[in-house]
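Subject: Structure for your review

Dear colleague,

Please find the structure below, handed over for your own calculations. My notes on what was found in it follow directly after.

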Number of protein chains: 2
Amino acid sequence: MAAVKCRKSCGRQSGRFLRLSWPLLAALMLVLPTVESQDGPAAAKTTPRPAIPVLPTEKDSEKAAEEDHKLDSLNLMMFLFLLVLTILTIWLFKHRRFRYLHETGLALLYGLIVGVIIRYTSNEVVPQRPVSQVVAAGNIEGDPPGNIVLNVSAGEFLFSNQGPYQENQVTVINPELSKATFDPEIFFNILLPPIIFHAGYSLKKRHFFRNIGGILTYAFLGTAVSTFIVGSVMYAFVLIGAAADIDFSFVDCLFFGAVISATDPVTVLAIFHDMHVDVDLYALVFGESVMNDAVAIVLSSTVEGYGKTTKAFDGIAFLTAFGNFLGIFAGSFGIGAVMGCFTAILTKFTKIREHPLLETCMFFLMSYSTFLMAEALGMTGIVAVLFCGITQAHYTYNNLSEESKARTKQLFELLNFLAENFIFSYMGVSVFTFQHHQWKGGFISAAFLAIGLGRMCNIYPLTLLLNLGRHQKINFNFQNMMMFSGLRGAVAFALAIRSTSAGARQLMFTTTLMIVMVTVLFCGSLTLQMLTWLKIRVGVDEDQEISQPFEAVDTHSLDSSMHSGAGGSSKDNAVVVSTPQGDAQIDSRRRGMRYESAWLFRVWYNFDHNYLKPTLTHAGPPLTETLPPCCLPLARCLTSTQAYENQHQIQEDSDTDLILDGSELSYGRANSGNDLTATVVTTPTNATPTLPKAPAEEDGVEGDLGLGDHELRTRARVMMTMSTGVPGKDSSHV
Amino acid sequence: MAAVKCRKSCGRQSGRFLRLSWPLLAALMLVLPTVESQDGPAAAKTTPRPAIPVLPTEKDSEKAAEEDHKLDSLNLMMFLFLLVLTILTIWLFKHRRFRYLHETGLALLYGLIVGVIIRYTSNEVVPQRPVSQVVAAGNIEGDPPGNIVLNVSAGEFLFSNQGPYQENQVTVINPELSKATFDPEIFFNILLPPIIFHAGYSLKKRHFFRNIGGILTYAFLGTAVSTFIVGSVMYAFVLIGAAADIDFSFVDCLFFGAVISATDPVTVLAIFHDMHVDVDLYALVFGESVMNDAVAIVLSSTVEGYGKTTKAFDGIAFLTAFGNFLGIFAGSFGIGAVMGCFTAILTKFTKIREHPLLETCMFFLMSYSTFLMAEALGMTGIVAVLFCGITQAHYTYNNLSEESKARTKQLFELLNFLAENFIFSYMGVSVFTFQHHQWKGGFISAAFLAIGLGRMCNIYPLTLLLNLGRHQKINFNFQNMMMFSGLRGAVAFALAIRSTSAGARQLMFTTTLMIVMVTVLFCGSLTLQMLTWLKIRVGVDEDQEISQPFEAVDTHSLDSSMHSGAGGSSKDNAVVVSTPQGDAQIDSRRRGMRYESAWLFRVWYNFDHNYLKPTLTHAGPPLTETLPPCCLPLARCLTSTQAYENQHQIQEDSDTDLILDGSELSYGRANSGNDLTATVVTTPTNATPTLPKAPAEEDGVEGDLGLGDHELRTRARVMMTMSTGVPGKDSSHV
C-alpha cells in the first residue's frame, strides 16, 4: 500500500522535473528490457547473504557465468546511468535556481522509477526446480561433510555445505530482482567510508569547535534519548499487539531506535549552504549529524551485542554494553586520531610533498587503512574514519603541498558525491527490488510518530539544558529548525540493510526505507519554506562577520609575531605594528573572560598549539621553545627547519583554506539577529577588504578552538584600527 | 625451484633499497601474525572461482562471518600498507634520483617479501573435515535439486548445488593463503579499466598520430606475429614432450602467446619520460604498448572462443575467429568512440561546466559506463575504455571547465597509480600465496625463449617493412630499444589469472608471473644502461623542438584567423599579421608535399576538423560555414554561440594542455640526432619564449593529426619570422 502511494507521488514529482532528461531515461528504458529472464544462475555474488542462491546445474556453467557477468555489467551500468541522469537534472535545477529538490532526493526518485520498471518488466519467475526438493538424503554419523557428491540420473553433482539448515532459509527468489541487489556490506565497507571521511575532512572546524559542547550533547545524550524514546514507543506499539505476527523484543526495538537515530540532513545542509544561513545553526546541525552517525553506529552494534547475550533487561549486561560502547567509541576514536597523526608525521618528515601524486596516494591509502585497521581490531571503521578525517584536516592538511590540498579535497568531494547519490538511488530501486519487504502500515506509522517524539525529546529539553550554560542562547526558532532537520539518510539505511534475515529486521528495513524517503523528499522540499516560517535570516554575508563580537584570538601567534621584528613581509609588518597595544589588552581581558566553551578546551588548545601542532606540522612555535629544556634534543629532532623559518612570519594555517571557500572567507560570523549582544565597534564595510589577509586567516584558524568570542573581537578591532588608522581608540569600549 | 631462486634475488635487491621503510615493514610484520589460524570458513568471496569453498558448519556462523570480515580487512590493509611502503620508498628513490627501480618493480618486490611472510607464518592447515567425505549420498531421478538438506548426527545441514562434479575440483586449500587471494575478475573489472582509460586519456596525441602507421603495424601485425611465434615455439616444446604431464593443445599455446604478447613497459616509459628521451621513440613504445594491450585482449578471447569450438586447425573456424576478432575489436572501438562523443555532446550543450564537481562526476560515470556497456553487449570493455579515453581527450576535454580538466586528469592519474601498483604488489604476493602454481622450469625457460623470439620477429621485420614507407626511418638503435621494451605487466597478468582451473592454465599463470617479474625487474633496472649502450640521446629539451622540420599546420585556423580582422587580442594580431605571406606559401607547398602519414589521415583530419570538432566541441569553424547550405538549420542548431565567438579568435585547443605538462610545452619535437633531415632554419633559442603562446599551441594541436612534418615547419617559420621581425625572408629556402 505504502509502495503504491509512494510510486504515485514519485510519478507526479518527477513528471514535473524531468524534461531535458527524458530522452536519456527513454534510452535507459530501451536498454532495460534486455535484462532477460534467467532461471538458473542467481545472484551468487549479489544476493543478501542469508538467502541461499539457486545454483546452475547446466553443463555449460561457463556460459552461464558469462551471461551472469553481462547481467551484472548491465545492472551496474543502470545505476551509473541513473547517477548521470541525476547529475544532469540537478545541474538543470541549479541552473534554474530550483532548490526544492536536492540531488539525493532526485537520486531517490529516479531510483524509484527505475525500480518500478525493473519490477514490472521482469518476469515473475518461480524457479523451475523447486529448492530443497530432497529434504533428507541420508543419515550420516559424525561431523557433516564439507562437500558431497550426489548421483542423479543427469550425472554426478557436487553439493557444498551451507551450514545448519533453518526453516524459511531457502526462499524463492526472483533472480532478476536479485541482480539489482548488492551485497549489503558494500555500503558499510565501500560507500560509507568516503562519505564519513569527507564529513570529517570538510568540517567547518571553527564553528564546529565553538559549538562543540552543544554538538556533543546532542550527539551523545540526544542520540541516547532518541534511541530510548523510539525503542519504547515501538515496544509499546508491539505490546499493544499490532505487529503480533512478528517477533519483536525490546532489544529489537532499541536496535531500531539506534538505527533510526542517525540523522543525515544533507538536503537541509545544502540549502543552508546555498542560502548562507546563520553559521552557528549550520554548525549545530552539521556537527550533530556527523557525530550522531558515529554514536548511532556504535550504539546499534552495542545494542545488537547486548541482544545476543540477553533478551530481557539485565543490569550487569547493560553496564557491560555501556562499557562496550565507550570502549569501542574510544578505541575507534583513538585509531582514527593516531592514524591521522601518523600521516601527518609521514608528510612532515619526508619531502614527499615534492611529488603531489605520491602524496595524495599516500593520504588516500592511509585514510582508508584507518577504516580497515579499526575493522580488523574489532572497532568501528566508520567512526575511526571520521576522526581520522578531522585529524587529517587539522594536522596533515598543513603539511601537504598546494596541489595535494586541492587534490585530496576534490577527490573526497567526488567520492562523497558519487557514494551518496549511489546510496540514495539504490534506496529508490530497492523499494521495489528488495524481495523481503514487510509492509506493515501500522508499524511504519508508529515509527514516524516515534521518531518525531524522539527528536522532540532530544532537541527541546537538551537545548533548555544547554542554554543554561551557553553564553549565546539557541533561540526557539533555531530549535524548531533543528527539530525539522532530523532527516534520515545513508547511515540509517546502511545500518538497516546490513542484516535482513529475520522478519523483525526486514520490517525495520522497510520502515527505515520509508522514513528516509519521506523525510528526504518531504522535509527536503520544505526546507526553504521552513526557513521563511521560522524567520531564520538567510543570505548572511560572511564577509561582514568582523562586526560581530568574537572572543577567540591566538595570543601565541601574536607572541610569535612579536618575535618577528621588522623582517617579515608587508602583511606581517602590519600585524607587528598592531600587536604592542593589542597584546596587553588581550592579556588583561583574558582573565576576566567568560569562556563559552569550557576550560577543557583551553587546556586542549594550549596543548595542541604548543606541542601537537609543532610536532605534527610545520606550523606553530618551534618545539625548542615550548618544551622544557630537558627535552631539548628531542625538540630539536622534531622541529623542522621550516618551523624555525615560520617562527619569523605568521604561518598561513590551513584551517581556513579548508573550511571556507574563497567566497566564504570571513573573519568571524554573521549577525543572525538573535540573542547575541550588540557589538560596540562597527566597521565600515569597505574597510574589510583592505585588511591584510594572512592575519585574518590566522584569526579564523585559531578562533576555531573554543576560546570563545572575546579575544577575536579584540583582535578584530586591533586589525581594524590598524587598517583604518585609528589605533587602540575604541578598543577600550569593550 | 624458480620460486626459491626468485626469493633469493628479491631478498638481495630489497635489502639494499629499504632503509627508511624498515620500521614500517616491521610494524607490518607485527600486525601480520595476528592472521590467526582458521579452519572452517574459507574464502567464499576471495577464492578463485573454480575452487569450491569449505564452508562453516559451526552453529555460530555469525561469529565466523565477523572473524572473516576482520581477516578480510586485515588482508586488504596489508596491501594498502604495502602500497604506502612502495610510495615512501619510491619517493626516496625519486628524491635521490635513483632510477634503477620503478615503483611497479618495487611494489612487486615488497609483494614478494610479504608473500614469503604470509606463506611461512601461516599454518599449513589441512582441513579437519576431509572434503567430499561422502561420495554418493543417494540416487535421485530427474533434474538435480538446487539444495538438499542432509541429516547428520550434528543436526540438519543445508547443501547447495555447485554444478556437475569433476575430479580434482575439490582441492585442499589453505584458507589463510586463500584470504590473500582476490576474485580474479577484480583485475579485469575494477583495476584495469582506470589504467587503460588513463593511457588513452593521457596519450601524447601529437606524437601518437604522427607515428600512427608504425604503432598500428606493431600493435596488430606485431601482436599477431608474436602470438603465433610464441604459440608455435611453446607447441614445439610441448611436442618434444618436456611438459608431458600437462595437456597442452596448440590452441592453448596460441592462447598463451596472445596473453603474453601484451607488453606493458611502464618502467621503461617512466625512465623515457624522466630522461626526456626522443619523443618519436617514446610515442612508438607507448603507442604500441597501449594498442597491443587492446589487441592481445581481444585476440586471447578470440583464441579462447576458437578453442572451445575446435581443438585442431580448421579453416572455417579460423576465419570465423578472425571475423570475431574484427567484430569485437570494431564493436568495442565503436562503443568507446560513441560514448566519448556522447559525453562531449552532453558537456557541450549543457552548462554543466559551471559546476565542476557535477561535470567531473558525469565524466567519470560516462567513462566507466563505457566499460560496462561494452561488457554487457559482449564486447571487450577494456578496448572500449581505451578508445573512450582517446575520444574524451580529443573532444570532451575541450568542453570541460578548467577545474574539471585538472580534476579529471588528476583523478585518473591517481586511480592509475593505485591500480597499477596494487596489481604489481598483488603479483608479488601471489607468487607465494597462489596455491596452484605449476613450477615447470623447462616450460618457463622455453617461454622466455619464445617471447624473445616473438618480440624479435615482431620488431625487426616489421620495422624493415615500415622503413620502406617511412619518411623518417626508425634506426637500428631504436629498434633494439623497442625490442628491449617488451616488458610484460598488468594486462598479461590479468589475462592469465582470469581462469586458472585447468592445469594448462595454471602453468600459463605461473609462467606469466615469472615473465612479468623478470622482465620488470631485469629490463626495468637495465633501461638506463641500455639507453647509454644504444647511444639514444636523452635530455632532449623539448623547447628547442621548433628547430625541427615539421609539416603539420592548421590551415583552417589560419583561414579563420584571416577572418578575424583587427579585432582580436594582441596574440591574435600577431598571427593575423603573419598570415598573408604565410598562407600563400602553405597552399603552394601543400600540393608538392610528401606526407609521411597516408591520405587516410588527411581525409580523417579534414572531417574531424570541419565536422566532428565543431559538432562535439566549441572549437573549430562554426558548422554553419562548413556544412552545405541545405543543412543550415541543423548546423545552426548544433553550433554554440561560443563557436561563433571563437571564430574570431584562434581557439585555445586542449590537446597540448593535455598531452604536455608545463615543462613539456613544445612547438615540435627534439632533434634526436638520427635520420632526420637537417633543418635549414635554425632559430636562436632565446627567440622561442617570445613566440605567442596560443598559435603555438594550435600548432601542437593540429600537428597531431598526421598531416606530416611539412606544414608545421612552414608555420613555425612564419611565427619565427614574425617574432624575429624578418618576415618571409628565409621561408623560401625550404
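A residue is called buried here when its relative accessible area is under 20%, and exposed when that area is over 50%, with partly exposed in between. Please note that this is a predicted model. By the cut-off above, A:Arg407 counts as buried, because its relative accessibility is 7%.

**Salt bridges around helix α15**

Over all chains, the structure holds 12 salt bridges. As general background, side chains of opposite charge can pair when their charged atoms come close.

A:Arg407 pairs with A:Glu403 in a salt bridge whose closest N and O atoms are 3.2 Å apart. The two residues are 4 positions apart in helix α15 of chain A, so about one helical turn separates them. While A:Arg407 is buried at 7% relative accessibility, A:Glu403 is partly exposed at 35%.

A salt bridge is also found between chains: B:Arg407 pairs with A:Glu413, with the closest N and O atoms 2.8 Å apart. Because B:Arg407 belongs to helix α15 of chain B, residues 402-433, and A:Glu413 to helix α15 of chain A, this pair joins two chains. B:Arg407 is buried, with a relative accessible area of 7%, and A:Glu413 is partly exposed at 27%. Through salt bridges with shared partners, A:Glu403, A:Arg407 and B:Glu413 form one network.

Helix α15 of chain A, residues 402-433, also contains the pair A:Lys405 and A:Glu402, whose side chains meet in a salt bridge at 3.5 Å from N to O. These two residues are 3 positions apart in the helix, and therefore about one helical turn separates them. Their surroundings can be described in opposite words: A:Lys405 is buried, at 7% relative accessibility, whereas A:Glu402 is exposed, with a relative accessible area of 57%.

**A buried serine and a bent helix in chain B**

Helix α15 of chain B also holds B:Ser425. This serine is buried, with a relative accessible area of 0%. Which residues does B:Ser425 touch, leaving aside those up to four places away in sequence? They are B:Phe79, B:Leu82, B:Leu83, B:Ala107, B:Leu108 and B:Gly111.

Helix α14 of chain B, which spans residues 381-399, bends by about 45° at B:Ala393. This helix is mostly covered, as 19 of its 19 residues are buried.

**Chain A as a whole**

Chain A has 28 helices and 3 strands. Of its 734 residues, 63% count as buried. Among the contacts in chain A with a separation of 6 or more, 83% are between residues 24 or more positions apart.

The exposed area of chain A is about 26,900 Å², of which carbon and sulfur atoms supply 61%. On the surface, A:Leu221, A:Leu465 and A:Leu468 make a nonpolar patch of about 330 Å². One of these leucines, A:Leu465, is placed in helix α16 of chain A, residues 441-469.

For inspection of the model, the following may serve as starting points:

- the salt bridge from B:Arg407 to A:Glu413, which joins two chains;
- the network of A:Glu403, A:Arg407 and B:Glu413;
- the bend at B:Ala393 in helix α14 of chain B;
- the nonpolar patch made by A:Leu221, A:Leu465 and A:Leu468.

With kind regards

Terms used: Residues numbered from 1 in each chain as written. Chains lettered and ligands numbered in written order. Predicted model: local features only at pLDDT ≥ 70, side-chain atom pairs only at ≥ 80, totals over all residues. Heavy atoms only, no water. Buried < 20%, exposed > 50% of the residue type's maximum accessible area, 1.4 Å probe, protein only. Contact = heavy atoms within 4.5 Å. Areas by Shrake-Rupley, 256 points an atom, 1.4 Å probe, with all protein chains shown as cover. Patch = residues over 30% accessible without salt bridge, like charges linked within 9 Å, V, L, I, M, F, W, Y side chains within 5 Å. Salt bridge = Lys/Arg side-chain N within 4 Å of Asp/Glu carboxyl O. Bend = angle between axes of the 7 residues up to and from the residue.
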